[in-house]
Every structure is written in structure tokens, then in C-alpha cells.
Amino acid sequence: MSPLGDGSGKRGDESAGRGDDSTDSGASDDSHVDPSEAFAALSDPLRVDILRALAAFHRESAPEPVGFADLRKRVDVRDSGRFRYHLNELRDHFVRKADDGYHLTHAGVEIVAAILAGTYTDRGSRGPEPLDSGCSLCDARAVAVYEDGRCAVSCENDHPLFNWSVPPAAASDASLPEIVSLAELLARQAIERTLAGVCPKCSAAVDPAVVAEDAAPAPRLRARCDTCGATMAGPVGFCLLVDPAVEAFYRRHDRPLDERYAWEPAFVADDSTISVADTDPIRVEIAVTLDDETLAVSVDESGRVSVDGSGRGGE
Ligand SMILES: [Zn+2]
Ligand SMILES: [Zn+2]
């Protein structure tokens, strides 16, 4: 059983629906920091690094703006496109672009102070709280926790079951079970978009890949966005979670997939259902069995699912 989730927990990023970074005009510079804006700004560690670097620069050089290249060097990011993307996400609320570079707005100064004080990172954590679900490895109860913008489910013996980022703004009024549902919904949407070649975070093109890894007992689905740096990683069974034929098979057996936790189906939880049929390019076969009926599913190197055998659902 491998941990499921969108990346290492370091670079999962949420833009929280901000889409207008086209102009500096009309940006408010009042002292009030809107919590949802703040959470969005904090959702990627790179953005926090940018804010901190700007604050440090202002401390050294009074309120001088800092140029793009200099700022990138201070934050120590090699990928200029990714750096630009996250810097733009901080405009216009926290970072203002002037003719000769970037500087913090008043709200930007406030949020750096809040980051240093831990005001936002301490907020909004929930759990741990047990769920009505068990561990596929040891049968212990599953326990969920929400912390630092991530919803993590593991069993009482610490086997990791599921891990997905949920923007704090979306989680702020939700109970832990609601956050778990939201995390699963976001995961399914992200898997669908990734398999369609679209970054779930910034909509740039991505290439999903099924890869065999020495450290993992079964192949994994991976994607990394060169534009925003978001990563997605999970068991190869993730591809089946959003496949219409597999969904139809489960529905026909009265176990609709959307009524189960994402980490529960055997094709996600049980590596023994998975075999590598070809290595170059990789092709994975997964036996999906319910009530003595088996659906033979095959997944290619880019996560495309094909189904044959008697279990094929209607459409
Ligand atoms: Zn366990
Ligand atoms: Zn992206």
C-alpha cells in the first residue's frame, strides 16, 4: 500500500480562483488582510518564500523595489516560468509591480508579519478524528486530520491512506468529515484533469505518466506541471477511480464508487490486484473483481484505461 496524494506536500498549490493579475490599477492597499486571500497566498511554500524575501529586502534597503532577476535569485528558484507564475499570483494584493521592480504592499507587509507570528498556519486545523473506514493493510480504523492546508488520512497504526490539499478558505467552516469529502472530490477532479493532460491547478498542459519505481511496490501515476510546479502522485489505480466503465461495473454490483472512500477500492488499496504486463512502454493490468465477476482492466503509459471482458458496462 502506498501513500496516495498530490505530491510531497511541499508544492501542491492552490490559486483559489484568483484570475485577474492583469493590472495594478485599482488594487486595494488597505490594511485589512482578507483571510481567503491570505490562505491562497500561503498555499504554496514558494509564495511564502517570495513574500519573505521581499520583506527581508525591504528591511535591508528601505522600501526600494527589487528587480525580477534579483528577487528570483534571493528566493533561489531555477525555473523562471514557475517563479513568474507564483509571483503573479501574489499580485496585486500583496505584491505591487513598479517600473523598477517589485515591492510589498501594505497588506503584503501585514501578511509577512502574520506568517512570522504563525497566525494563519495555526488556524483551521482539525482532528484527528476516526472515520467509518478501515486500513487495507492492518484493518485498524482510518483517522483523518486537517493541517496546513492538507487533509491526511492514515490508520491508527500510521499506514498512510490518503493525502490531498484542500484550500484553507474552502475548509474554514467545514467539519472534518466534510473536509475529507471535499478532498476526495478535489482528488477525483484533479485525476480527471491530469489524465486529460490539463494541470488541475493552472490549466497548463501536463503529461501524466505511469511509472514503475523501485521504492514503490506497484507502478504509480505521476504528473508535474512545469508552469506552476504542482505535482500529482498516486497509485496507478487512481486512473480507474474516474473511469466510466469501472464506475459502471461497481454500480452494477451495488457498490457505487462515489459512495466509497477513494482509498478503499481494491484496485487502489491492494497491490496484489496489479501486475506489470509490459515494461517498454509500460502497461499495467489490474483485475477488478466483485462478486466473482472480474473486469480485466489495462492502463497504458500515460494512464489511459481500457477495459475488456464480460464485465464491460453498457455504454
Ligand atoms: Zn494500517
Ligand atoms: Zn500547473
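Biologist: Which residue of β4 stands opposite Gly134?
Modeller: This is a predicted model, in which local features need pLDDT of at least 70, side-chain atom pairs count only at pLDDT 80 or more, and totals for chains, interfaces and linings use all residues; side-chain values use heavy atoms, with hydrogens and water left out. Residues are numbered from 1 along each chain as its sequence is written, while chains are lettered from A and ligands numbered from 1 in the order in which they are written. Strands (E, at least two residues) and helices (H or I, at least four) are DSSP runs, numbered from the N terminus. Within β4, the residue opposite Gly134 is Arg141.

Biologist: Over how many bridges do β3 and β4 pair?
Modeller: Two strands pair if DSSP finds at least two bridges between them. For β3 and strand β4 (residues 141-147), which pair in the antiparallel sense, the number of bridges is four.

Biologist: Which strands stand at the edges of the open sheet?
Modeller: The sheet has four strands in the order β3-β4-β5-β6, with antiparallel pairing. Each edge strand has a single partner, so one side of each is left without a neighbour in the sheet. Neighbouring strands are turned by 20 degrees against each other on average, direction ignored. The edge strands are β3 (126-134) and β6 (160-165).

Biologist: At about what angle does helix α7 run to β6?
Modeller: Axes are lines fitted to C-alpha atoms, for helices over the stretch in contact (heavy atoms within 4.5 Å), and angles run from 0 to 180 degrees between N-to-C directions. Helix α7 (residues 176-195) lies across β3, β4, β5 (150-155) and β6. Its angle to β6 is about 80 degrees.

Biologist: Which residues coordinate the zinc ion (ligand 1)?
Modeller: Donors are N, O and S atoms within 2.8 Å of the metal (3.2 Å for Na, K and Ca); water is not among the atoms, so sites may look incomplete. The donor residues of the zinc ion (ligand 1) are spaced C-x2-C-x16-C-x3-H in sequence. Cys135 lies in the loop between β3 and β4 and His159 in the loop between β5 and β6, so this pair ties together parts that are 24 residues apart in sequence. At 2.0 to 2.3 Å, the coordinating residues are Cys135 (SG), Cys138 (SG), Cys155 (SG) and His159 (ND1).

Biologist: Is His159 buried or partly exposed?
Modeller: Buried means under 20% relative accessible area, exposed over 50%, and partly exposed in between (1.4 Å probe, protein chains only). Cys135, with a relative accessible area of 2%, is buried. The relative accessibility of His159 is 24%, so this residue counts as partly exposed.

Biologist: What is the arrangement of the four donor atoms around the zinc ion (ligand 2)?
Modeller: The zinc ion (ligand 2) is coordinated at 2.3 to 2.4 Å by Cys199 (SG), Cys202 (SG), Cys225 (SG) and Cys228 (SG), with the spacing C-x2-C-x22-C-x2-C along the chain. Cys225 counts as buried at 1% relative accessibility, and Cys228 counts as buried at 0%. Four donors count as tetrahedral if all angles lie between 85 and 135 degrees; four count as square planar and six as octahedral if opposite donors are over 155 degrees apart and all others between 65 and 115, and anything else is irregular. The donor angles here are 104 to 114 degrees, so the arrangement is tetrahedral.

Biologist: Why is the pair of Phe68 and Phe83 edge-to-face?
Modeller: Rings of Phe, Tyr and Trp (its six-membered ring) pair if their centres lie within 6.5 Å; planes under 30 degrees apart count as stacked, over 60 as edge-to-face and the rest as tilted. A search of the whole structure finds eight aromatic pairs. The centres of Phe68 and Phe83 are 5.3 Å apart, and the pair is edge-to-face because the planes stand at 70 degrees.

Biologist: How many residues apart are Phe162 and Trp263?
Modeller: These two residues form a tilted aromatic pair, 5.6 Å centre to centre with 40 degrees between the planes, and both Phe162 and Trp263 are buried. Ring pairs link them with Trp164, Phe238 and Tyr261 into a cluster. Phe162 lies in strand β6 and Trp263 in the loop between α9 (244-252) and α10 (266-269), so the pair links distant parts of the chain. Their separation in sequence is 101 residues.

Biologist: Which residue in the turn between β12 and β13 has a positive phi?
Modeller: Strand β12 (residues 293-299) and strand β13 (residues 305-308) run antiparallel and are joined by four bridges, with Val305 as the bridge partner of Val299. The two strands form a hairpin with five residues between them. The turn residue with a positive phi, of about 85 degrees, is Gly303.
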